[in-house]
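Here is a quick tour of one protein model, written for someone who likes cut-offs next to claims. Have the structure open as you read.

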Amino acid sequence: MLTLHYHPFSSFCQKVLVALYERDVPFTPRQVDLGDAGERAALAALWPMCRFPVLTDDAAGRAIPESSIIIEYLDGHGTAAAALIPADPAAAIEVRLMDRLFDHYVELPMQRIVGDHLRPEDKRDPHGVAEARATLGTAYAMLEERLAGRAWAAGDAFSLADCSAAPALFYAEWVQPFTGDHPALAAYFRRLWDRPSFARVLEEARPYRAYFPVPAPPPGD
């Protein structure tokens, strides 16, 4: 009854895939090629912003966009796995805060840098790239401090925040490495890498790595 409209190389789609695999929620994957006019129009019919991932729930007759919202929606689908947003309000706030930190201050500046590589030489934005790199540097320092003594992003339990962190840090390490100078963050990243759900996501995305425009080898390979 659940269908995920996605692409396996998209970091925000990977975030949702980690959650689906963690919670063992059955779903139908529907890969979207945004370069195909028909597929793009079909996605826009579900979510006019035309951004993936989008989760459709046939039983409820609704489409749910935005990765964090999708993961929160998945917590309402009963499985034996633990919820990815804790019931305790204070713990939930920390999870949501860390989710926002990874999305806004790791993922988005990383995408800004990657996007600049896709532009023609005369359209490059060195000032914007410098700002994005500075934001990443600040985020790395903040994460190094916050992750000290924690097993996972928001504490002892794997959560929404870790679903956000895994793909964001994977691509960020590729763009602006952090593992050499931030030991707590590097150790946390290794735990994410070893998590079966994320290992599965990485393997599914492997065929598309050649399309990544930043000229550096994938981290860990």
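In which helix is valine 18 found? Valine 18 is found in helix α1, where helices (H or I, at least four residues) and strands (E, at least two) are DSSP runs numbered from the N terminus. Before going further, note that this is a predicted model, where local features need pLDDT of at least 70, side-chain atom pairs count only at pLDDT 80 or more, and totals for chains, interfaces and linings use all residues. Residues are numbered from 1 along each chain as its sequence is written, and side-chain values use heavy atoms, with hydrogens and water left out.

**Valine 18 and its surroundings**

Valine 18 counts as buried because its relative accessibility is 1%; buried means under 20% relative accessible area, exposed over 50%, and partly exposed in between (1.4 Å probe, protein chains only). Leaving aside neighbours within four places in sequence, valine 18 is in contact (heavy atoms within 4.5 Å) with Phe158, Cys163, Ser197, Phe198 and Val201. It also makes a long-range pairing: valine 18 and arginine 200 sit 182 residues apart in sequence, yet their C-alpha atoms are 8.3 Å apart in space.

**The core**

The largest nonpolar core has 68 residues, and Phe102, Val106, Leu169 and Tyr188 touch the most other members. A nonpolar core here is a set of buried Ala, Val, Leu, Ile, Met, Phe, Trp, Tyr and Cys residues joined through side-chain atoms within 4.5 Å. Helix α6 (residues 160-175) gives the most to this core, with 12 residues. Domain 1 (2-76) and domain 2 (89-195) both contribute residues, so the core lies between them; the domain bounds come from an automatic or database domain assignment. Phenylalanine 102, with neighbours within four places in sequence set aside, contacts Glu107, Leu143, Ala153, Ala161, Ser164, Ala165, Ala168, Leu169 and Tyr188.

**Helix α3**

Helix α3 (residues 67-74) is largely enclosed by the rest of the structure, because 6 of its 8 residues are buried. Those buried residues are Ser67, Ser68, Ile70, Ile71, Tyr73 and Leu74. Their cover includes β1 (2-6), α1 (11-23), β3 (54-57), β4 (62-65), α4 (89-117) and α6.

**Two buried polar residues in loops**

Aspartate 75 lies in the loop between α3 and α4, and histidine 7 in the loop between β1 and α1. Each has a side-chain polar contact (N or O atoms within 3.5 Å; within protein, one must be able to donate a hydrogen and the other to accept it, and residues adjacent in sequence count only if both atoms are side-chain atoms) to a backbone nitrogen.

| Residue | Relative accessible area | Backbone nitrogen partner | Distance |
|---|---|---|---|
| Aspartate 75 | 19% | Leucine 84 | 2.9 Å |
| Histidine 7 | 18% | Phenylalanine 9 | 3.1 Å |

Not counting residues up to four places away in sequence, aspartate 75 touches Arg23, Ala83, Leu84 and Ile85. With its own neighbours within four places left out, histidine 7 is in contact with Cys13, Gln31, Val32, Phe52 and Tyr208.

**Cysteines**

How many disulfides does the structure hold? The structure holds 0 disulfides, a disulfide being a pair of cysteine sulfur atoms within 2.5 Å. For cysteine 50, the nearest cysteine sulfur is that of cysteine 13, 12 Å away. Cysteine 163 also has cysteine 13 as its nearest, at 14 Å, and cysteine 163 is buried at 0% relative accessible area.
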